[in-house]
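Trainee: I am new to this structure, and I would like a careful, close look at a single part of the interior packing. Please begin with the helices and then go on to whatever enclosed space there may be.

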Amino acid sequence: MKNHLWQVIIMLLMLSCTMQDKPDNNKHDMERTWWKEGILYQIYPQSFKDTDGDGFGDFKGVIEKLDYIKSLGITMVWMNPFFESPLVDNGYDVADYRAIHPRYGSMEDFQKMLDGFHERGIKFVLDVVVNHSSNEHEWFKQSRSSRDNPYRDYYHWWPAEKGQPPYRHSLFDPEGAWEYDSLTNAYYLHTFAEQQPDLNWENPKVRKEVYDIMKFWAEKGVDGFRMDAFQFASKDTTWPEFPTGHEKEFIKWYGMRPQLHDYLKEMYREVIEKYDVFAVAEGAGSTFQDAHDLVDADRKELQTAYHFEGVDMSRTPDRYTLSEFKEVFTRWDSAFAEKGWIAIFLSNHDNARLVDRFGNPSPEFRTPSTQMLNTFLLSMRGTPYTYYGDEIGMTNIDMPNIEEYVDIDAKGKYKAALAAGEDLTEFMKVLNYSSRENGRTPMQWDNTGNAGFTTGVPWMKVNENYPDINVAAQERDPNSILNHFRKMTKVRKENPVLVYGKYELLQREHPDIYAYTRTLDDEKLLVLLNFSQETASITLSGMSDFGEPIINNYSELDIENNKVSLLPYQAVILKIK
Ligand code: TEU
């Protein structure tokens, strides 16, 4: 017995030594979780697949495509809002958080879709839009009805007898974020459109309502929550004037107030920990400290957050430089090298298409450049997010006239440019390249009418390149963007080093190639991505013993000793022995 006790003590000592000896980069490895290993696919439901011919995608359409979604090798789905809504901002204006907008189907259809995901081992992430509600939500109707209504404090009101409220910038309304409401002679705050009044998170009743909504969906079986525009939820409700000239510095003045952390801790206690669900906030603040504090597991707030520096790089047609790209992703990786976890993405429903912004959409280079970008997303540390259509290289559309635009964001920006007397030709050039509409066109399934998306009139025009770019055609081609995406999700799943391994940038100054290694214990992978349309080479000192590439978007690879030459947009991952 005594002997046995000693054996146990020695074993425990050995175990604690090996744990301490592990290099820093393995800390993540010790806290393995499904959401770190997850590969997320984002579905914009109105544009995915329509089954009833009304021109809007629906749940039945998603159900029809469940096997396709599974075949991508993804393990999580985030779906944009599908709740009851007047649809002023395509559903980011929710009128009833527990009801489904009829255009998507019924609650029964939702449940079938959710079960379908679960049967295929896919987790489901719900979009929770609670920085604001719709002005048609019952809470707001009550709130605006009288100053002493019990719901008055669900929103932010400024009584007009106090004069004009201090200026607040609105992301969608050029006239600012306060809207006058004559019914009670007061202004209410709306960070986005005037139909999206901001909820008052200082009010504990509002917070409880939100947790109840989250519980409602957790009970139905959703596995995670994406908190929309959440860094703006906490406000300085003493309403100070901001220094002149700085009124539009969004995160600094409007986002990440210290009490946000208290709200998140409360949400964690009330919902997240009770249901073992995952939560990600849109926005990670402006400093690494903000981001860390949001996702530090010990603080019990969120599991991941996502920063905007990546997608903010390429908002105008002059685009980004590779050195800037490397700098942003390297800096954010190093901030989370030991603790915390982030999302890796280059596109979503608020941005133009991946290939237009970061790759090369010309017919010659569309395929390799999209494959290269998908290789990047799936070989970085952090949970990768792929936006529907990027797995087949869907591109921007051409909409030179403002009359064609339906999005409130584009319309608001146009109105502001007009009021400011900007050069509208230049403005339209930038909008045509960068608008959110580019990323919202119907999914291109095949070469039949409307790309197989709908038999009716699509809510948003289908990109006319669908006969060339569609799922059916790419299914048949082993070298398609789609099949490369599938190979790459498989590679990520088979190589935990791509999830947990330490990231190290090589040759920061190289003008065309992004090269990095991922290392976990004695495994090391080398990722080489040619971001240019020319052949480019790189000489890797101290490395010559390369194995066969575990992924390559071309059939050949030119290696001579330690010099690797890459074809235009070639992407390879090599095992370093
Ligand atoms: O976006 C919030 C956000 O921070 C915006 O700046 C967004 O980047 C901008 O609209 C792009 O022009 C979220 C949603 O993702 C967006 O679709 C909604 O319109 C918005 O919240 C309001 O709910």
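Mentor: In this predicted model, helix α8 (residues 204-220) and helix α10 (residues 259-275) have axes that come within 10 Å and cross at roughly 20°. An angle under 35 degrees counts as roughly parallel, and α8 is therefore roughly parallel to α10. The crossing of these helices, α8 and α10, is right-handed. It helps to keep in mind that two packed helices are described by the angle between their axes together with the distance between those axes.

With that description in hand, turn to helix α11 (residues 288-295), which packs against helix α13 (residues 322-335) at an angle of about 50°, the axes lying 10 Å apart. Because of that angle, α11 is oblique to α13, and the two cross in a right-handed sense. Further along the chain, helix α16 (residues 408-419) and helix α17 (residues 424-434) pack at about 160°, with 10 Å between their axes. Angles over 145 degrees count as roughly antiparallel, so α16 and α17 are roughly antiparallel to each other, while the crossing in which α16 passes α17 is right-handed.

As for enclosed space, the model holds 3 cavities of 30 Å³ or more, and the largest cavity contains about 100 Å³ of space. Its lining is made up of R168, H169, A177, L189, T191, K235, D236, W239, F242, W253 and Y254. Sorted by character, the residues lining the largest cavity comprise 6 nonpolar, 2 polar and 3 charged ones. To place this lining within the chain, look at the domain bounds: domain 1 (33-133 + 204-489) and domain 2 (138-189) each supply at least three residues to the lining of the largest cavity.

Note on methods. Residues are numbered from 1 along each chain as its sequence is written. This is a predicted model: local features need pLDDT of at least 70, side-chain atom pairs count only at pLDDT 80 or more; totals for chains, interfaces and linings use all residues. Side-chain values use heavy atoms; hydrogens and water are left out. On a 1 Å grid over the protein atoms alone, a cavity is a set of points where a 1.4 Å probe fits but cannot get out, and a pocket is an open set with protein on both sides within 12 Å along at least five of seven lines; lining residues have an atom within 4 Å of a point. Grid points are joined across faces, edges and corners, and a volume is the space filled by probe spheres set on the points. Ala, Val, Leu, Ile, Met, Phe, Trp, Tyr, Cys and Pro count as nonpolar, Asp, Glu, Lys and Arg as charged, and the others, Gly among them, as polar. Domain bounds come from an automatic or database domain assignment. Axes are lines fitted to C-alpha atoms, for helices over the stretch in contact, and angles run from 0 to 180 degrees between N-to-C directions. Helices (H or I, at least four residues) and strands (E, at least two) are DSSP runs, numbered from the N terminus. Angles under 35 degrees count as roughly parallel, over 145 as roughly antiparallel, 65 to 115 as roughly perpendicular and the rest as oblique. A crossing is left-handed if the near helix is turned anticlockwise from the far one by less than a right angle, and right-handed if clockwise.
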